[in-house]
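Thanks for coming, everyone. Let me put the structure up, and then we'll walk through it.

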Amino acid sequence: MTAPFHLGCAVWGYRRWLGGFFPEGSRQQDFLKLYGPRLTTVECNSVFYAVPGEKALTRWVEQTPEGFSFCPKFPRVITHEGPLEPVIGDALSFSEHMRRHLGDKLGPFFVQLPPTFEPDKGPGLAALLNAWRRQDAELGLHRRVAVEVRS
């Protein structure tokens, strides 16, 4: 049994990609439509700064081919602005928002911890991941999450 292979970037478009990855003269609003047929996933780094609404997420789904996946990064207000325990509810709400609107195009979630994350904060991460697992069990889901610990 082999696992599917996905290839993507942290974002779906930089203006510097014009004339190389994207045809010269491409409009920024078309970058996702041009990216999707060439790569199979994207990290959604922009979600770290602002959570997109339903209309934006619907547009993302419509602009990408079948089999494409979005890997949303948890917002910085959840991962970088204090202890994790008080924002577990926000994290679960965020993940449900993304699941509801991205549907089959939802890939793994990405939790990037700040460089200030120390081992003594591990119980907060464990609490978040355990709450995630409980929510999955209640909803009958198996959502994947990747965690990056930085130093």
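Let me start with a question: which side chain does a polar contact of 2.6 Å join to the side chain of Lys-73? It is the side chain of Asn-45. Keep that pair in mind; we'll come back to Lys-73. One caution before that: this is a predicted model.

Now the overall picture. The protein has five helices and five strands. Read from the N terminus, the order is β-α-β-α-β-α-α-β-α-β. The radius of gyration is 16 Å, which agrees with the value near 15 Å for a compact globule of 151 residues. Along the principal axes, the C-alpha atoms fill a box of roughly 50 × 35 × 35 Å.

What about burial and contacts? Of the 151 residues, 42% count as buried. Take the contacts with a separation of 6 or more: 71% of them come from residues 24 or more positions apart. On the outside, the protein exposes about 8900 Å². Carbon and sulfur atoms supply 54% of that area. As for charge, there are 18 positive and 16 negative side chains. The centres of these two sets lie 5 Å apart.

Back to Lys-73. Where does it sit? Lys-73 is in the loop between β3, residues 69-70, and α3, residues 76-79. Is Lys-73 buried or exposed? Its relative accessible area is 5%, so it counts as buried. Set aside neighbours within four places in sequence, and Lys-73 touches Glu-43, Cys-44, Asn-45, Val-47, Phe-48, Phe-94, Phe-110 and Gln-112. Here is a distance to go with that. Tyr-49 is 24 residues from Lys-73 along the chain, and their C-alpha atoms are separated by 9.3 Å.

One name on that contact list deserves a stop: Cys-44. Cys-44 lies in the loop between β2 and α2, the helix of residues 54-62. Its relative accessibility is 1%, so Cys-44 is buried. Its backbone is worth a look too. Phi of Cys-44 is near 65°, a positive value in a residue other than glycine. For context, most residues other than glycine have a negative phi.

Next, strand β3. Phe-70 lies in this strand. How accessible is Phe-70? Relative accessibility is 0%, so Phe-70 counts as buried. Its contacts, again beyond four places in sequence, include Trp-12, Leu-32, Val-42, Trp-60 and Leu-106. Cys-44 is also among them, so to speak a shared name, since Lys-73 is in contact with Cys-44 as well. Phe-70 and Asp-104 are 34 residues apart along the chain, with C-alpha atoms separated by 9.5 Å.

Last stop, strand β2, residues 41-42, where we find Thr-41. At 10% relative accessibility, Thr-41 is buried. Which backbone oxygen lies 2.9 Å from a polar atom of the Thr-41 side chain? That of Ser-69. Ser-69 is also on the contact list of Thr-41, outside the four-place window. Others on that list include His-6, Leu-7, Gly-8, Cys-9 and Tyr-35. Phe-68 and Cys-71 are there too.

To recap the pairs. Lys-73 and Asn-45 are joined through their side chains. Thr-41 has its side chain 2.9 Å from the backbone oxygen of Ser-69. Phe-70, in β3, is in contact with Cys-44. That's the tour. Over to you for discussion.

Notes:
Residues numbered from 1 in each chain as written. Predicted model: local features only at pLDDT ≥ 70, side-chain atom pairs only at ≥ 80, totals over all residues. Heavy atoms only, no water. Helix = DSSP H or I, 4+ residues; strand = E, 2+ residues; numbered from the N terminus. Rg over C-alpha atoms; globule rule 2.2 N^0.38 Å. Buried < 20%, exposed > 50% of the residue type's maximum accessible area, 1.4 Å probe, protein only. Contact = heavy atoms within 4.5 Å. Areas by Shrake-Rupley, 256 points an atom, 1.4 Å probe, with all protein chains shown as cover. Lys, Arg positive; Asp, Glu negative; His and termini not counted. Charge placed at Lys NZ, Arg CZ, Asp CG, Glu CD. Polar contact = N/O pair within 3.5 Å; in protein donor to acceptor, adjacent residues only side chain to side chain.
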